[in-house]
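Please look through the sequence and the three-dimensional structure shown here. The paragraphs that follow lead through them step by step.

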Amino acid sequence: MGPVLGIETSCDETSAAVVAGGRTILSNVVASQVELHRKYGGVVPEIASRDHLRTIIPVVREAICKAGLSLHDIAGIGVTFGPGLVGALLVGVAAAKGLAYALKVPLAGVNHLEGHIFANFLAHPELEPPFVALVVSGGHTSLVHVQGYEKLKLLGQTRDDAAGEVFDKVGRVMGLPYPAGPEIDRLAAAGDPEAVAFPRAMSGKDNRDTYEFSFSGLKSAVVNYLNNLRQRGEKVHIPDVAASFQAAVVDVLVSKTLAAAASLKADKVVLAGGVAANQGLRAEFARRTGSFPAILYPPPKLCTDNAAMIACRAYYQLQAGRADGLTLNAMPALKLTSRGEE
Ligand code: KG4
Ligand code: ZN
């Protein structure tokens, strides 16, 4: 099929992209609202919706123009319909439905988390299922067995906070600007990961084989550690705390992912979502695996929210005959669930 237009507005990036043949990015425009939200220390839903509304049409126009196409060259439209902020999602979904109706092209509602996984198909043209995927974003931490483009099996997920959420919350207590993930990553490189022994939840003897995660205990441990030192008037060595905290998150993520890969005899592991940009995570995977299994991840721009990954996911849905009608609605609490698995 011809080029697919992707639209992504689930959180604080307004993005539109054009992807050809499922894997070739012709354009990928991302308008970030991060500066608007920074002074509040996190995303303010109402501000996000209003800014998406202001930006969506210019961003779509720019994506089509940068691809060197006109709207009439578009053969299909993919849009994130969940999970995410309801008001934010509605802007993208309404724009996509309007365009699909006007252009008379098929529409595919994309699960944002599946989009993150599919970013790897854009980054690695030779990549084919099966593989194990670790999805680590601001809102989600999940392990998925990708058996085929339409065959996904959820192996496990976090019981409480997502990995990125914990990076952001711990960073806030450290006094870092939102989003704190990239800043903690940078600080950790200059710190000692063994300076403070933070807990590794769900990785004891009894939980080693479960693919579930829990990060809220770690979050409390870091916050308590910082508060105790401050109360005693002691100096906090921020790089050491950042490195020790990051090591605790990374240790659990890497151990569980490699255990899943070993038990499924997977020869490839892909990382997806904003936290997949973390240098410490990538380095630890490399340290513990050598050359097997292969560890693949997208470049940072395709790890964080973008519409190219949504267009890629939509392409495979449309190829499989999974188009949605104009009744498609935003589903803020959409889950990543198993589909078509063996
Ligand atoms: O996937 P994403 O862009 O949005 C969601 O779907 O949530 O992920 C954003 C999350 C934020 O929590 C951010 O702090 C985190 O990814 N993040 C990182 C890094 N870059 C982004 N966390 C740790 N290290 C990084 N280098
Ligand atoms: Zn995301």
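A place to begin is a pair of charged side chains: those of K169 and D161 meet in a salt bridge, with a distance of 4.0 Å from N to O. The model is a predicted one, and the distances given here are computed from it. The two partners differ in how they are placed with respect to the surface. K169 is partly exposed, because its relative accessible area is 36%, whereas D161 is buried, because its relative accessible area is 8% and buried means under 20%.

D161 also leads to a second residue, T158. The side chain of T158 reaches the backbone oxygen of D161 at 2.7 Å. A polar atom of the side chain of T158 also lies 3.2 Å from the backbone nitrogen of D160. T158 itself is found in the loop between β8, residues 151-157, and α5, residues 163-174. Is T158 buried or exposed? T158 is buried, because its relative accessible area is 16% and the cut-off for buried is under 20%. Leaving aside residues up to four places away in sequence, T158 touches T141, F213, S214 and F215.

The strand before this loop, β8, belongs to an open sheet. This sheet has 5 strands in the order β8-β7-β6-β9-β10, and its pairing is mixed. The edges are taken by β8 and by β10, residues 294-296; each has a single partner strand, so one side of each has no neighbour in the sheet. On average, and with direction ignored, neighbouring strands of the sheet are turned by 25 degrees against each other. Within the sheet, β6 (residues 131-136) pairs with β7 (residues 141-148) in the antiparallel sense, over 6 bridges. F131 stands opposite V146 in β7. A helix also lies on this sheet: α8, residues 238-263, lies across β6, β7, β8, β9 (268-272) and β10, and runs at about 160 degrees to β6.

There is another open sheet to follow. It has 5 strands in the order β3-β2-β1-β4-β5, with mixed pairing. Its edge strands are β3 (24-32) and β5 (107-111), each of which pairs on one side only. From one strand to the next, the twist averages 20 degrees. Strand β1, residues 4-8, and strand β2, residues 13-20, pair in the antiparallel sense over 5 bridges. One residue to look for is I7, whose bridge partner in β2 is A16. Which helices meet this sheet? Helix α4 lies across β1, β2, β3, β4 (76-82) and β5, running at about 100 degrees to β5. Helix α11 packs on the sheet too, touching β1, β2, β3, β4 and β5, and its direction makes about 120 degrees with that of β5.

Helix α4 holds part of a metal site. The zinc ion (ligand 2) is coordinated by H112 (NE2), H116 (NE2) and D305 (OD), at 2.0 to 2.1 Å. Along the chain, these donors follow the spacing H-x3-H-x188-D. H112 and H116 both lie in α4, 4 residues apart, which is about one turn of the helix. Both H112 and H116 are buried.

The residue E114 brings the text back to salt bridges. The side chains of E114 and R339 meet in a salt bridge at 2.9 Å, N to O. This pair links distant parts of the chain, 225 residues apart: E114 is in helix α4 (residues 112-123), and R339 is in the segment after α11 (308-319). E114 counts as buried, because its relative accessibility is 1%, while R339 counts as partly exposed, because its relative accessibility is 26%. E114 and R339 also belong to a network of salt bridges that links them with E150, R313 and R322.

A further pair lies within a single helix. The side chains of E183 and R186 meet in a salt bridge at 2.7 Å, N to O. Both residues lie in helix α6 (residues 181-188), 3 residues apart, about one turn of the helix. E183 is partly exposed, with a relative accessible area of 24%. R186 counts as exposed, because its relative accessibility is 54% and exposed means over 50%. The count of salt bridges in the model comes to 18.

Definitions and conventions: Residues are numbered from 1 along each chain as its sequence is written. Chains are lettered from A and ligands numbered from 1 in the order in which they are written. This is a predicted model: local features need pLDDT of at least 70, side-chain atom pairs count only at pLDDT 80 or more; totals for chains, interfaces and linings use all residues. Side-chain values use heavy atoms; hydrogens and water are left out. Helices (H or I, at least four residues) and strands (E, at least two) are DSSP runs, numbered from the N terminus. Buried means under 20% relative accessible area, exposed over 50%, partly exposed in between (1.4 Å probe, protein chains only). A polar contact is a pair of N or O atoms within 3.5 Å; within protein, one must be able to donate a hydrogen and the other to accept it, and residues adjacent in sequence count only if both atoms are side-chain atoms. Contact means heavy atoms within 4.5 Å. Donors are N, O and S atoms within 2.8 Å of the metal (3.2 Å for Na, K and Ca); water is not among the atoms, so sites may look incomplete. Two strands pair if DSSP finds at least two bridges between them. Axes are lines fitted to C-alpha atoms, for helices over the stretch in contact, and angles run from 0 to 180 degrees between N-to-C directions.
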